[in-house]
Amino acid sequence: MYGLLLEAITHWVQSTYGEEKWEEIRKLARVDTASFATHQRYSEKIIPDIARASSLILGLSEDDVMDAFGVCFVSFVGQYGYDRILSVLGRNVRDFLNGLDNLHEYLRFSYPKLKPPSFFCTNESSSGLTLHYRSKRKGFIHYVKGQIRQVGEVFYRTKIRIDVVSAETTETMTHVIFRLHFNNAAYREKLRRDTELLDYGMPLDSAVFFELFPFHIVFSRSLEIRSIGTGIAAVLPQAKDHKLNEIFILVRPLVKLQWNDIMAHTNNVFELRSMSVLRKGRSTEHIIPQKDVNNETVADSVNNERTNTIVAQNGGNSDASTESSDDEIEARYLRLKGQMMFMADWEAIIFLATPIMGNLDAMFKAGLYINDLSMHDSSRDLVLAGTQQSAELKLALDQEQRKSKILEESMRRLDAEMKRTDQLLYQMIPKPVADRLRRGEPAISTCQVFENVTILFSDVVGFTTICSQISPMEVVSMLNAMYTKFDTLSERHGVYKVETIGDAYMVVAGAPEITQLHAFKICDMALGMMESMQELRDPSTGGHMKIRVGVHSGTAVAGVVGIKMPRYCLFGDTVNTASRMETNGEAMKIHISQTTHESIRTFPYECEERGSVNIKGKGSMKTYWLKSKNNQAETSGCPFANLIDDKLVQEKDKKIIKSSDSFDLRSLYSPVSFEDCQQVSRPPSGHRHSLNDEAIDSARPDKLSIKKHHTNGSNGIINHKSVHDKKEPALKKSHIFRLTSDGRSSTCIIL
């Protein structure tokens with residue numbers, strides 16, 4: 001189907017429910033195309049898929065959705081000027097419906113691959129009529145009902161009530177009989193005119209009549225061809241004295257090629273196509289095919305033969321080759337379009353037709369010439385004028401299709417970039433918080449109180465001394481290797497990385513995702529950090545790096561504050577206490593508070609009581625060392641220890657499933673991805689960064705100023721105090737600064 005139908009649906013959803021609902025429907029229907037081109041063809045499954053998705057999201061039945069699609073189409077096509085055509089298609093509803101097939105034939109000039117339905121009216125009365133609807137598509141009954149009702153209201157100011165009398169669906173055809181109830185004043189006028197008709201008795205010689213129509217066919221009730229025009233005789237001389245359904249296939253309307261069906265559709269435009277391929281003035285088939293009473297069997301066999309021929313000519317690839325070769329194959333058949341008229345005096349039907357030729361080349365290949373066409377109509381003018389303008393029209397259409405493809409590709413790239421942007425944003429700010437900021441909510445409204453969280457701080461032991469003995473690039477490489485491992489652990493244990501300040505690393509569990517297992521996750525994270533130190537080397541000594549870790553559990557406030565460079569921050573006394581646990585800890589030990597110890601006391605974590613420690617701003621506190629976790633131990637104190645382990649595994653699996661739908665974009669924005677963590681190792685002795693040794697040595701200061709983090713009071717905001725205050729020489733390399741919110745102190749690593 002063409003994009004015009006899909007454009008109308010898009011317009012209706014967006015104008016009625018908004019663009020956000022349309023995006024939801026498009027994604028649920030798995031429609032990748034963000035916008036549709038009017039003259040481009042799309043899959044027949046798109047509209048049914050969109051209808052099902054709209055039904056689920058909008059809370060309507062599929063029948064109501066399809067009805068609404070049909071109603072909106074009638075109004076939407078006015079944007080392209082088709083409303084002017086619809087307004088003059090018929091003087092009344094009956095004439096409009098009878099002229100629909102003719103309208104579809106006209107639209108073939110703009111939509112050459114159009115597969116329109118077929119309509120015809122019967123049983124007309126003053127209160128309505130019966131409408132027969134045939135289509136090769138399925139599921140469009142309510143779509144058609146919506147269109148007909150809207151046409152009656154818009155163009156004829158008539159309310160039409162539609163009942164479905166019967167509906168028959170086969171593999172290739174849908175046949176529906178509607179009963180239309182409306183005030184059919186045109187029927188009474190037709191009866192009055194019929195009684196006034198007079199027979200003037202003007203005889204006309206049949207030879208003269210046939211000469212006027214060189215592409216006529218006269219056939220009897222048994223479909224035996226009695227006469228053919230000179231134009232048809234030139235290319236199909238074997239047609240006379242054979243049956244019509246032995247020479248031609250009925251393309252339109254969608255009925256069988258039988259006498260009764262033809263008589264019932266005399267108001268419709270008929271299109272016939274020869275069974276045999278024409279080649280320069282005569283048919284390539286001299287043996288007439290055997291008669292088939294159903295006619296559809298003959299048509300199907302010929303269509304299959306054509307398909308096999310196309311596939312054979314294109315190496316067996318039917319999907320790729322049928323579209324490109326169909327036009328060329330169709331041009332080799334004789335196609336006739338015209339009107340069927342019953343001649344009572346002859347007891348026969350005459351088909352007054354004109355040939356359908358795409359261009360002059362097709363006419364030449366078929367063996368037809370301009371002089372074969374009628375002089376009394378516009379056949380010759382249309383062929384010549386159409387040929388003159390077809391090149392320009394085709395060029396314009398090709399340009400439109402190319403622009404449409406470029407636009408579609410641009411929209412696809414835009415979607416991909418938006419996904420990348422979202423992934424990067426969600427690495428910096430939690431998704432629920434980021435979505436609220438996108439909606440225009442003030443940053444302060446994102447702050448939320450979390451009753452139970454566990455916070456971890458860590459820093460490198462002797463970091464100032466290490467930095468004074470190695471180059472700045474080696475400092476960066478060392479921190480990058482360590483933080484990459486820590487980031488991997490944070491993903492594995494489901495904790496949120498708050499920030500890094502110099503050599504300090506801060507994570508939290510229980511915020512922004514609330515969980516009862518916050519203490520277990522942080523303790524597992526801390527033990528993993530200790531184990532990872534065995535894989536990290538101190539560049540200054542060649543030994544293992546050492547860290548201090550502090551952990552505390554309690555209540556905290558988390559959210560985004562400020563406007564410029566927003567970050568997700570934590571505030572409260574719990575932050576202070578966790579920082580104090582780290583600063584009062586020891587190398588390669590995990591210092592935990594009594595609150596955290598109470599949360600894990602009955603679980604298989606091995607802890608050692610440290611005793612009372614004087615904590616600045618807090619006084620004396622009882623603290624513990626977290627030693628290890630025994631996964632194989634049986635915990636008699638809590639019979640639900642195994643359930644907690646299972647819960648941890650379930651939360652990890654849930655997070656993996658949630659993130660599996662989106663691709664990992666860390667490698668696009670970070671030099672190291674999580675998959676590379678196992679490959680991180682200490683560089684060989686003497687190894688430098690990509691810069692040469694002389695460049696690094698020239699940038700290396702004699703002394704390096706490192707400032708360590710400390711907490712000030714109990715306001716929970718991390719300030720920083722200088723540990724090494726010797727004045728440093730001016731450096732030409734870059735400086736990395738981090739200022740606190742009070743603007744009075746900072747953490748910095750000077751490179």
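Helices α1 and α3 cross in a left-handed way. In this predicted model, their axes lie 11 Å apart and the packing angle is about 10°, which makes α1 roughly parallel to α3, since angles under 35 degrees count as such. Helix α4 packs against both: its axis comes within 9 Å of that of α3, and it sits 9 Å from α1, axis to axis. Beyond this helix trio, there are cavities to look at, 6 of them at 30 Å³ or more, plus a few backbone oddities.

**How the helices pack**

Two numbers do most of the work here: a pair of packed helices is described by the angle between the axes and the distance between them.

- **α1 with α3:** On the α1 side, the residues that meet α3 are L5, L6, I9, W12 and Y17, and their partners in α3 are I46, I47, I50 and L58. Sorted by class, this contact has 9 nonpolar residues, with no polar and no charged ones.
- **α3 with α4:** Helix α3 covers residues 46-58, and its axis crosses that of α4 at roughly 120°. That angle makes α3 oblique to α4. The crossing of this pair is right-handed.
- **Who touches whom in α3 and α4:** From α3 come I47, I50, A51, R52, S54 and S55, while α4 brings E62, V65, M66 and F69. The mix by class is 6 nonpolar, 2 polar and 2 charged.
- **α1 with α4:** These two pack at an angle of about 105°, so α1 and α4 are roughly perpendicular to each other, a label that runs from 65 to 115 degrees.
- **Who touches whom in α1 and α4:** L4, L5, E7, A8, I9, H11 and W12 of α1 make the contact with A68, F69, C72, F73 and F76 of α4. By class, that gives 10 nonpolar residues, 1 polar and 1 charged.

**Empty space inside**

Rolling a water-sized probe over the atoms shows where empty space is left.

- **Size:** Among the 6 cavities of 30 Å³ or more, the largest has a volume of about 760 Å³.
- **Lining:** It takes 34 residues to line the largest cavity, and F73, H104, L107, P117 and Q147 are the ones nearest its centre.
- **Elements around it:** Two or more lining residues come from each of α1 (3-17), α4 (62-76), α5 (82-87), α6 (93-98), α7 (100-107), β2 (128-135) and α8 (141-155). Of these, α8 gives the most, with 6 residues.
- **Character:** The lining of the largest cavity counts 28 nonpolar residues, 4 polar and 2 charged.
- **A link to the packing:** F73 turns up twice, both in the contact of α1 with α4 and among the residues nearest the centre of the largest cavity.

**Backbone oddities**

Most peptide bonds are trans, and most residues other than glycine have a negative phi. Here are some spots that break with that.

- **R252 to P253:** The peptide bond here is cis, with omega near -5°. P253 sits in the loop that runs between β7 (248-252) and α13 (259-264).
- **A511 to P512:** This pair is also joined by a cis peptide bond, with omega about 0°. You'll find P512 in the loop between β15 (504-509) and α21 (518-532).
- **R30:** Though not a glycine, R30 has a positive phi, near 60°. The loop between α2 (19-28) and α3 is where R30 lies.

Terms used
Residues numbered from 1 in each chain as written. Predicted model: local features only at pLDDT ≥ 70, side-chain atom pairs only at ≥ 80, totals over all residues. Heavy atoms only, no water. 1 Å grid on protein atoms, 1.4 Å probe; cavity = no way out; pocket = protein on both sides within 12 Å on 5 of 7 lines; lining within 4 Å. Points joined across faces, edges and corners; volume = space filled by probe spheres on them. Helix = DSSP H or I, 4+ residues; strand = E, 2+ residues; numbered from the N terminus. Nonpolar A, V, L, I, M, F, W, Y, C, P; charged D, E, K, R; others polar. Axes fitted to C-alpha atoms, helices over the stretch in contact; angles between N-to-C directions. Parallel < 35°, antiparallel > 145°, perpendicular 65-115°, else oblique. Left-handed = near helix turned anticlockwise from the far one by under 90°. Contact = heavy atoms within 4.5 Å.
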